[in-house]
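New to this one? Take a moment to look over the sequence and the 3D view before reading on.

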Amino acid sequence: MLIPAAVYTAQLLCQPLSGGLVVGLGLLLLLVLAGLVHNSTRGHRTDPCSLATVLWSAVSAAGGALATYILGNYTFLGSAAASGLVGLAAAQLLCKYDLDLPAYAGVFVGMSSVVVVPSLVMVGIAGFMTGLLYRLVDGVFDGVGGRLGTMAAVSVLITLLLTGRGWG
């Protein structure tokens, strides 16, 4: 709850600033929030993640986001059907590698509108960030409903903040 509120507050406070300063403030906000979340999760995780696990989670989330975005916006399916199709594929193909949930978290990023997230690059970045966030808070929000969508929303908000798209 605090992360989207912090991003929105930064957006309101930084609106009149120049682009370079906004990106710098966005990166600083991202680092501070990541540090706070990481420190708050100590002792909650069951096993530490390797760097490879974190990167594979980020890649699978980015893949889920891109697949959903492309299917939802460039085919007749629409975002709801595309999310279901990509989610089922991730559950079938990635479950034995423990990458199905990060990919499904990325699906929520891919459901973004072209108006909000206009490029595949932004979708890929937000999806990648979702996978990183998924592993960063692994074990903390277990049993909490909406955690994958919240991680996706936070990643999209941070991506918009970093690219300056959220200012106008």
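Here's a quick tour of one helix and one residue. Keep in mind that this is a predicted model. The helix is H4, covering residues 79-94, and the residue is Thr159, which sits in helix H7 (residues 147-163).

**Helix H4: its length**
- H4 has 16 residues, and at 1.5 Å a residue it should span 22 Å.
- The C-alpha atoms at its ends are 21 Å apart, which agrees with that expected span.

**Helix H4: its two sides**
- Ala82, Ser83, Val86, Gly87 and Ala90 are the buried residues of H4.
- Those residues cover an arc of only 130° around the axis, so they end up on the same side of H4.
- That fits a general pattern: an α-helix has 3.6 residues a turn, so residues three or four places apart point the same way.
- What do the buried residues of H4 pack against? Their partners are helix H3 (51-74) and helix H5 (100-110).
- Over on the face turned away from the buried side, you'll find the exposed residues Ala80, Leu88 and Gln92.

**Thr159 and its surroundings**
- Thr159 has a relative accessible area of 2%, so it counts as buried, the cut-off being under 20%.
- Setting aside neighbours within four places in sequence, Thr159 is in contact with Met122, Ile125, Ala126 and Met129.
- Take Ala126: it's 33 residues away from Thr159 in sequence, yet their C-alpha atoms are 5.8 Å apart in space.
- A polar atom of the Thr159 side chain also lies 2.8 Å from the backbone oxygen of Ser155.

Terms used: Residues are numbered from 1 along each chain as its sequence is written. This is a predicted model: local features need pLDDT of at least 70, side-chain atom pairs count only at pLDDT 80 or more; totals for chains, interfaces and linings use all residues. Side-chain values use heavy atoms; hydrogens and water are left out. Helices (H or I, at least four residues) and strands (E, at least two) are DSSP runs, numbered from the N terminus. The expected span of a helix is 1.5 Å times one less than its number of residues. Buried means under 20% relative accessible area, exposed over 50%, partly exposed in between (1.4 Å probe, protein chains only). The arc is that of the directions from the helix axis to the C-beta atoms. Contact means heavy atoms within 4.5 Å. A polar contact is a pair of N or O atoms within 3.5 Å; within protein, one must be able to donate a hydrogen and the other to accept it, and residues adjacent in sequence count only if both atoms are side-chain atoms.
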